[in-house]
Structure formats: structure tokens, C-alpha cells
Amino acid sequence: MQGDRLHWWQTRWFVAAMALAAAIPLLWPDIPPLVDLPGHMGRYRVQEAWNSAPWLHDWYNFQWSMIGNLGIDLLVIPMGYLFGLELGTKLIVMAIPVLTVTGLLWIAREVHGRIPATALFALPLAYCFPFQFGFVNFALAIALALNLFALWLRLARLGRLGLRAAIFVPVSCLLWLCHTFGWGVLGVLALSAELIRQHDLAQARDKRGLRHWLESLVRAGLGCVPLALPMALMIFWRSGNHVTGETGDWFNWHAKISWMAMVLRDRWKAYDVASAIVLYMILVKGFRDDRIEYSRNLGLSALFLFAVFFILPRIVFGSAYADMRLAPYALAIAIVALRPKKGLSLRGAATFAAIGLAFFGVRLAGTTASFVLYDRSYDATLTALDHIPRGARVVSFVGRRCSDDWTFTRLDHVPAMLLVRRLAFSNDQWSMAGAQTLTTRYPARAFAHDPSQIVTDVYCRGQWWRPLSFSLQTLPRDAFDYVWLLNPSRVDRRLLTGLTPIWRNGRNVLYRIDDRRPPPQLWPSFRGPSGTE
């Protein structure tokens, strides 16, 4: 690429600078404002205090088991000991975009020989929507998978296939333990790269045609055997009677198209959609501009990932948004697959690099500003915890609309900070046997776990969220000490009879339950998904 001299965007110093810059948006917030993260932090707090806070045993079940979703759950043990739970979690989360950037640039270096200028356009996807949603074990596993894929390519380039096999047998198991999806993505990337390598070797032996593609596929599969051991772990995990969770909502094309538009979703819709359009324009440019081209290696990897994205259902083993999580990473690999053709001038390449760097800088600035605003919201909301005693039983209701606004309040799992800072009960914890180490056992009927904390103003078709009025009518008051309303819709004040407000911040209110008797029944009552009252 433009001779033997490394240009500024191809140096190690530049890679290090981009990796460090990727952490900037997370420097200011005390709690990374990722939708699900506070809920996960609540689980980390339970595992940390399980032996010192016996009242937790009345509310939750916690048991370590071999599941493919333990990345930060394990890392937070030493990090929490060294830095405390909140700072330890923040430092781990900060490492995710850093590792994503290094992984993408390292892959580009291994495949193209030098980092192409176009690869810089993929860097903003370190803050893609799945990461912002708080799928932190998943995002950490993908970030690690990108770096491991680069190592896979490097060892193949150096002819160290025996060493590669020895390294990736244990490493693939650790990656699976972090999150199953990361191991699966590494397998897809490795298989596609190995297929191209084997095909090139076949061509060097003057073998061509469909038969030799099939032979290359078999050889590629054998080459990926060192990655296969987690299949046994998967079978063991998913064959137990304790495992629950449905798999469904296949080929929801409307949702898949939406996920493609939301790859950079954060706060400002026009800004985020325009940024996504820039990325897709870069992909189109790879087909239409005779100065750049696609690498066969990464081009095939991107096609494989997009194929998996389109085949995956929305819900896998009870985990929602399974397909959505893959879209931005498939897009990132497709962008990294681009490279300049021979003959592109240094000025042309430098222009691409400057524009890509500016694009990354603008996205980082926007994300930083957005996170500062979310942090202010978190800080104001969490002042309610000053009024809640340690070990209290709190039921929280977070208001949402049936159709999501582009800008999330990101309060959905903020109630879990009750666990983190007060070791108080929070009804927002996920309770899916076999999916996580924690399940809920508190006998509070339908108010013990996620999504009981999500409330709306009316019944939302296709959702199990309940209207706030129905939740307040049916709440077993004898099971709780406090009611915490966050961003609530309007509600008949008669439903608040017996509740004493002790804290207020804007629309958010914390009530102490002083009267255990149920409020008056108000009609019309809630109509459930079956259509019955």
C-alpha cells in the first residue's frame, strides 16, 4: 500500500491512540449508562455479598454453574476486590470498546498487510447499539473474538498451525465461558478465513472448480477442530432439566431491517441514522469505486456473518434481540474488508483516512455528550437511595411507551442499584434458569423479577408489560416496604392511597408503604394478552 513506508494511520502509535480514544465516552459517568448494565451489577452485588447478607437468600437463588455467559461475572471478582464493585465494573466495561478497536485494526493489518484507510470508518461501531443496550458479556466476548481472530490469521500467515491449535483449544473454551455468541462468531470468522486459505493452497496446486471448493471446505472444517471443544460444553449446558427459555420469532424481516438502521443508535435519531448511512455508503463505494476493492477473505467472513444474522430468530433460549446483536459486527467486518487497489495515490488514501478519523472523532464526541447527559439523569435519580434503609424491600415501576422512542431513558434497570448500594430487594432481576447464575425466589406473585418493573399507561399489544394502574391495584403491599416510580405515566391518585411520598425528583417519586390494605378497585381493569380481564 503506497510503497514500503508506513503512513500515519498504519503505525502502532496510531492504533494505540485510537484504542485509548475509544474509552473517552466512559471516563465521566460513575455508572456506564448502558441500559441493562445496572441490572447485571445487581447480580454481581448478590454474588459478592451472598455469604455476608443472609436476607438475600430469602429473595434470590444464586449458584455458580458452567454456563456460556460468565464473562464479567468472573472478571468482577478480582476487579471488585481491587477497586470496589462499581469502579471495577466500569473499568471492565471501558475495556470493551478499546478491545473492539484493537481487534478491528489488527484484523485489517493481518488481512491487508497494512491498515487500509477505509478501516477507520468501522471504529465507531465499538459503541454500537448492542453495547449501548448493555449486553456486556456478549460485547466483551465479541471484542475478544475479534482479537483472537486476528491472532488466528497471524499464526496461519506465519505457518504456525500446530501452535495455533494448541492455543485455541483452551482459548475457545474461555471465550465460550465469557459468552457463547463470541465463540460462535469466532468460529464463523475462522471457518471463512480457513476456507479461503485452503482454496488458495488448492489453486497453488493447480486445482480448480467446484470439487476443489468442496475439498477446501472439508479441509477448513478440519482446520477449525481446535475450536470445537465448547460444543461439548454447550450440550452439557443446554441438556439439563433446569434450562428454560423459548426460541422463536423467526425471519422477522421488519425487525431485521430496523436493526440495520439502529447499528449506531444512541440519543439523537437523525444523527445516528445519518451516521449509519455513511457506513452503508462506504460499503456501496467498495463496489462502485474502481480505486478500492473487497478482500476475498474478509468479504466472505462478512457474508457468513450477515447470513447468520438473517437466519437467527429474535429470541434464542429466552434471550431477546439475538439477531440484533450481530448486525453491527457483520457491518464492521464488511467495512474492514475494503482496501485500496494498487495505484491509488497517497493523497487519495490520506483523504480517506482523514475523513474516517474525523467520522470516528465526531461519533466519539456525540457519544461522550450523550453519556454525560445520561450520567446526570442517573445521579439525580439515585439520590432516592439516600432515603432507603439497607435490606429494604422495594418494588420499582419504570414507565415506558408501547412504541420505543429512539432515545431510551435508560432507567429500565436502574432499580438494581438498590441491590448494589443498599442490598435492598429489586424486582428488576432476570429470572431464567440456566441463563444466569441468579434466579428470583421471592413470593411476590408477579412482582418478583423482570419485566415486572416495566409499566406503561395502556396495555401494549404483544408485550407482557403491565399498565401502571393495574400494577398498583394488584401489588401485594404486605410484600414490600417502598414503591419507587421512575418516569411514570399519569395515574389515578386513589391508587396511591396509603403511600407516603418521601422523595421526589421531577416525575420520579419514592413512596413508603404505610397502609398495607389494597387500594380501591378501579375499572376498566387491565386486559391481558389473551384479551380477558
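Buried means under 20% relative accessible area, and exposed means over 50%. The structure is a predicted model.

**Exercise 1. Helix H11**

Task: Determine which residues of helix H11 are buried, and where they lie around the helix axis.

Solution.
1. Helix H11 spans residues 253-261, and its buried residues are Ala-255, Lys-256, Trp-259 and Met-260.
2. These residues cover an arc of only 145 degrees around the axis, which puts them on the same side of H11.
3. The spacing follows a general rule: an α-helix has 3.6 residues a turn, so residues three or four places apart point the same way.
4. On the face of H11 turned away from the buried side are the exposed residues His-254 and Ile-257.
5. The cover over the buried residues of H11 includes helix H12 (269-288), helix H13 (296-311) and helix H14 (327-336).

**Exercise 2. Cysteines**

Task: Find the disulfide, give its handedness, and state which parts of the chain the disulfide ties together.

Solution.
1. The structure holds 1 disulfide. Cys-402 is joined to Cys-460, with an S to S distance of 2.0 Å. This satisfies the cut-off, which requires the sulfur atoms to be within 2.5 Å.
2. The torsion about the S-S bond of Cys-402 and Cys-460 is about -80 degrees, so the disulfide is left-handed.
3. Cys-402 sits in the loop between strand E4 (394-399) and helix H16 (417-422), and Cys-460 in the loop between strand E6 (454-456) and strand E7 (466-467), so the disulfide ties together parts that are 58 residues apart in sequence.
4. Cys-402 has 36% relative accessibility and counts as partly exposed, whereas Cys-460, at 1%, counts as buried.

Task: Explain why the sulfur of Cys-224 forms no bond to the closest cysteine sulfur, and describe Cys-128 in the matching terms.

Solution.
1. The closest cysteine sulfur to that of Cys-224 belongs to Cys-173 and is 15 Å away, which is too far for a bond. Cys-224 counts as buried at 12% relative accessibility.
2. Cys-128 is in no disulfide, and the nearest cysteine sulfur, in Cys-178, is 15 Å away. Cys-128 is buried, with a relative accessible area of 0%.

**Exercise 3. The sheet around strand E8**

Task: Give the strand order of the open sheet, identify the edge strands, and work out the pairing and burial of E8.

Solution.
1. The open sheet has 6 strands in the order E7-E6-E4-E8-E10-E9, with mixed pairing.
2. E7 and strand E9 (499-505) stand at the edges with a single partner strand each, so one side of each has no neighbour in the sheet.
3. E4 and E8 pair in the parallel sense over 5 bridges. The bridge partner of Ser-396 in E8 is Trp-484.
4. Strand E8 (residues 482-486) and strand E10 (residues 508-513) pair in the antiparallel sense over 4 bridges. Tyr-482 stands opposite Arg-512 in E10, and Leu-485 has Val-509 as its bridge partner in E10.
5. In E8, 5 of the 5 residues are buried, so the strand is largely enclosed by the rest of the structure. Tyr-482, Trp-484 and Leu-486 are buried on one side, and Val-483 and Leu-485 on the other.
6. Helix H15 (residues 346-381) lies across E8, E9 and E10, and runs at about 145 degrees to E9.

**Exercise 4. Nonpolar cores**

Task: State which residues have the most contacts inside the largest nonpolar core, and which helix contributes the largest share.

Solution.
1. The largest nonpolar core has 137 residues, and Ile-107 and Trp-484 have the most contacts inside it.
2. Helix H6 (residues 136-157) supplies the largest share of this core, 15 residues.
3. Another core, of 33 residues, lies apart from the largest core and includes Trp-59, Leu-438, Val-483 and Leu-522.

Note on methods
Residues are numbered from 1 along each chain as its sequence is written. This is a predicted model: local features need pLDDT of at least 70, side-chain atom pairs count only at pLDDT 80 or more; totals for chains, interfaces and linings use all residues. Side-chain values use heavy atoms; hydrogens and water are left out. Buried means under 20% relative accessible area, exposed over 50%, partly exposed in between (1.4 Å probe, protein chains only). Helices (H or I, at least four residues) and strands (E, at least two) are DSSP runs, numbered from the N terminus. The arc is that of the directions from the helix axis to the C-beta atoms. Contact means heavy atoms within 4.5 Å. Two strands pair if DSSP finds at least two bridges between them. Axes are lines fitted to C-alpha atoms, for helices over the stretch in contact, and angles run from 0 to 180 degrees between N-to-C directions. A nonpolar core is a set of buried Ala, Val, Leu, Ile, Met, Phe, Trp, Tyr and Cys residues joined through side-chain atoms within 4.5 Å.
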